[in-house]
Amino acid sequence: MQSWSDIAVPAVPGSGPPLRLFDTADRAVRPVTPGATATMYVCGITPYDATHLGHAATYLTFDLVNRVLRDSGHRVHYVQNVTDVDDPLFERADRDGVDWRDLGSREIELFREDMAALRVVPPRDYIGAVESIGEVVELVDKLLASGAAYVVDDAEYPDIYFRHDATDQFGYESGYDRETMDRLFAERGGDPQRPGKRDPIDALLWRMARPGEPSWPAPFGAGRPGWHIECAAIALNRIGPEFDIQGGGSDLMYPHHEYSAAHAEALVAGRRFARHYVHAGLIALDGEKMSKSRGNLVFVSKLRRSGVDPAAIRLGLFAGHYRQDREWNDEVFAEALARLELWRAAAALPSGPAAQDTVARLRQHVADDLDTPKALAAVDNWARQARDYGGPDPAAPGLVADAVDALLGIRL
């Protein structure tokens with residue numbers, strides 16, 4: 001699948017400190033310790049609707065990770081999937097009277113446009129579930145052979161499920177107790193009431209073909225993938241086990257990330273799927289979590305069409321820490337616009353205060369678990385001094401502009 005156009009990232013003299021990120025599984029901020037090439041997998045969209053600010057907050061979080069890793073001297077092999085075959089896509093296509101493939105293609109293209117406008121550095125591998133069916137079939141076959149998967153006793157639809165206890169460490173990522181797992185599994189796409197399952201929270205690997213649904217051939221019967229196995233297969237086949245970072249929104253922690261890790265770990269015994277599990281907080285609108293059920297989604301494409309500068313969207317979302325559930329409202333937006341105006345005015349000056357310390361603080365803060373509130377404050381201080389008092393250094397405005405672009409993705 002085609003990704004969006006590459007984003008030019010300026011080179012800034014020197015390099016930043018090593019990145020530290022909060023690891024969900026360890027419940028602590030730890031150093032990220034990649035080799036020359038850092039590896040990162042971030043779960044992508046199910047393309048049944050446009051990119052809203054909750055999506056944007058997640059992908060901007062991992063764009064920061066990408067940029068900080070590059071600034072500290074690493075190449076980055078970034079992989080992102082697209083769940084272009086799934087029930088929500090079929091349901092929306094049926095509602096709108098369109099072919100699910102046409103709907104998916106339209107929304108994927110809109111997502112690409114939104115990501116390019118937001119200046120998100122594209123993944124090296126951008127992979128759809130449909131194009132990875134063969135990889136999923138191979139992985140399901142191996143899980144069946146190993147005993148980690150089983151076929152339900154259903155003569156009509158003998159679906160294939162993953163034994164959640166197939167790995168000794170299942171549950172280490174989220175740390176949830178069984179009661180919480182049961183509740184969230186039911187709320188987040190699971191099927192605990194499916195007859196024939198050995199345990200209510202065993203996850204679907206392969207759904208046998210039903211009338212009116214797309215299906216693909218497999219040695220165990222034609223059908224289509226479950227949700228979690230898609231990410232396990234794509235990650236294993238692009239960056240392998242024990243990659244550096246698996247990322248997504250906090251609502252993916254369980255069951256999605258817990259199961260995609262377990263699927264892979266059941267075949268790669270004793271290995272942790274990712275060294276770091278990183279999750280971004282959710283975005284609320286005027287106190288209510290953004291969701292399609294509430295009808296309060298704020299779409300990036302609509303903001304762009306209304307003339308909103310995508311840089312202001314970045315600044316508004318960076319005003320809070322990435323791990324926090326946070327608000328988008330008129331006040332946040334107004335502050336972002338004012339900040340952008342201040343920064344651009346300062347960057348356009350013929351000279352300004354020396355900026356090396358500001359760039360060092362900016363680097364320090366974003367490398368420290370993506371502390372964007374402190375990073376924005378560091379640039380604010382320099383910009384106010386430049387606006388109010390000027391400065392003797394003609395290179396300073398350009399240096400700050402390059403650093404803000406390279407590390408925060410905001411072109412001044």
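Start with the lining of the largest cavity: its residues divide into seven nonpolar, four polar and one charged. Keep in mind that you're looking at a predicted model.

**Stop 1: the largest cavity.** Select Ala57, Leu60, Thr61, Leu64, Leu317, Phe318, Gly320, His321, Tyr322, Arg326, Leu370 and Thr372, and you have the residues that line this space. Its volume is about 70 Å³. Now colour two helices, α1 (53-71) and α9 (310-318), since each supplies at least two residues of that lining. Which helix gives the most? That's α1, with four residues.

Next, colour the domains, with domain 1 covering 20-293 and domain 2 covering 308-408. Why does the largest cavity lie between them? Both domains give residues to its lining, so that's where the cavity ends up.

**Stop 2: the other cavity.** How many cavities of 30 Å³ or more does the structure hold? There are two, and the second largest has a volume of about 30 Å³. To find it, select Thr83, Val85, Asp86, Ala129, Pro225, Gly226, Trp227 and Glu230, which line it. This lining divides into four nonpolar residues, two polar and two charged. If you're curious how such spaces get found, rolling a probe the size of a water molecule over the atoms shows where empty space is left.

**Stop 3: aromatic rings.** Leave the cavities and turn to the rings, where a search of the whole structure finds 13 aromatic pairs. Pick Tyr172 and Tyr277: their ring centres are 5.9 Å apart and their planes stand at 65 degrees, so this pair counts as edge-to-face. Follow the chain from each one. Tyr172 lies in the loop between β7 (160-162) and α5 (178-187), while Tyr277 is in strand β11 (residues 274-280), so the pair ties together parts that are 105 residues apart in sequence.

Stay on Tyr277 for a moment. Is it buried or exposed? Tyr277 is buried, because its relative accessible area is 0%, and the cut-off for buried is under 20%.

Then select Phe170, Tyr176, Phe185, Tyr254 and Tyr259 together; these form one aromatic cluster.

**Stop 4: arginines over rings.** Last, show the side chains of Arg198 and Tyr150. Arg198 lies over the face of Tyr150, at 4.3 Å from the ring centre. Then try Arg210 with Tyr157: here the arginine lies over the ring's face too, at 4.1 Å from the ring centre.

Key. Residues are numbered from 1 along each chain as its sequence is written. This is a predicted model: local features need pLDDT of at least 70, side-chain atom pairs count only at pLDDT 80 or more; totals for chains, interfaces and linings use all residues. Side-chain values use heavy atoms; hydrogens and water are left out. On a 1 Å grid over the protein atoms alone, a cavity is a set of points where a 1.4 Å probe fits but cannot get out, and a pocket is an open set with protein on both sides within 12 Å along at least five of seven lines; lining residues have an atom within 4 Å of a point. Grid points are joined across faces, edges and corners, and a volume is the space filled by probe spheres set on the points. Ala, Val, Leu, Ile, Met, Phe, Trp, Tyr, Cys and Pro count as nonpolar, Asp, Glu, Lys and Arg as charged, and the others, Gly among them, as polar. Domain bounds come from an automatic or database domain assignment. Rings of Phe, Tyr and Trp (its six-membered ring) pair if their centres lie within 6.5 Å; planes under 30 degrees apart count as stacked, over 60 as edge-to-face and the rest as tilted. Buried means under 20% relative accessible area, exposed over 50%, partly exposed in between (1.4 Å probe, protein chains only). A charge sits over a ring if NZ of Lys or CZ of Arg is within 6 Å of the ring centre and within 35 degrees of the ring normal.
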